[in-house]
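Colleague: Got a minute to go through this one with me? I'd like to hear the reasoning behind the labels.

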Amino acid sequence: MKPWLVFSMLTLVLWSVWSPLISLSTQAVKNPFRVMVFESIGFLAALVPLLFFVRLGTEYPSQKADATAFGAGFFAALGTLTIIYAFKTGGRPEIVAPLVSLSPALTVFWMWLFFGAHLTYVQLLGITLAIVAGLLLAR
């Protein structure tokens, strides 16, 4: 199996555990920021040990790559905060989790719009069906 596929499947499994945990913790506390703080601590608990095993590289750092990575973290944090509020304001996990999991369809659209990604008709059909599924879930 190709390494990228293994990592993709691991991401699928890990993120499928993340969403219910966020929902459960959000329902258990009054302050949604507390959930985000402890999620961030969990993130650091996973990240810090990696610093001892993964080399950051000796190549010259790219300011563009660093800024892009910072932006990714920024938007991930905002996305975490908004899903917490979705749960906190009455969103049911069985609806919210699949709905926000449609983000890859939007990602593909952004990649096409801003980076010129090429999409086949089958991929466009898949994106369309994902959007329809999201609309059906939200009803």
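Modeller: Sure. This is a predicted model, and in it H3 passes H4 in a right-handed crossing. The residues in that contact are Ile83, Ala86 and Phe87 from H3, plus Pro93, Val96 and Val100 from H4.

Colleague: How do the residues of the contact of H3 with H4 divide into nonpolar, polar and charged?

Modeller: Six are nonpolar, with no polar and no charged ones.

Colleague: And what makes H3 roughly antiparallel to H4?

Modeller: Helix H3 (residues 63-88) and helix H4 (residues 93-100) pack at an angle of about 155°, their axes 10 Å apart. The cut-off for roughly antiparallel is over 145 degrees, so H3 counts as roughly antiparallel to H4.

Colleague: Why is Ser23 called buried?

Modeller: Its relative accessible area is 4%. Buried means under 20%, so Ser23 gets that label. Ser23 lies in helix H1 (residues 3-28). Leaving aside neighbours within four places in sequence, Ser23 is in contact with Phe87 and Pro93.

Colleague: How do you know that Arg92 and Glu94 meet in a salt bridge?

Modeller: Their side chains come to 2.6 Å, N to O. The limit is 4 Å, so the pair qualifies as a salt bridge. A search of the whole structure finds one salt bridge.

Colleague: Why are Arg92 and Glu94 called partly exposed?

Modeller: Arg92 has a relative accessible area of 48%, and Glu94 has 45%. Partly exposed lies between the 20% and 50% cut-offs, so the term fits Arg92 and Glu94.

Definitions and conventions
Residues numbered from 1 in each chain as written. Predicted model: local features only at pLDDT ≥ 70, side-chain atom pairs only at ≥ 80, totals over all residues. Heavy atoms only, no water. Buried < 20%, exposed > 50% of the residue type's maximum accessible area, 1.4 Å probe, protein only. Axes fitted to C-alpha atoms, helices over the stretch in contact; angles between N-to-C directions. Helix = DSSP H or I, 4+ residues; strand = E, 2+ residues; numbered from the N terminus. Parallel < 35°, antiparallel > 145°, perpendicular 65-115°, else oblique. Left-handed = near helix turned anticlockwise from the far one by under 90°. Contact = heavy atoms within 4.5 Å. Nonpolar A, V, L, I, M, F, W, Y, C, P; charged D, E, K, R; others polar.
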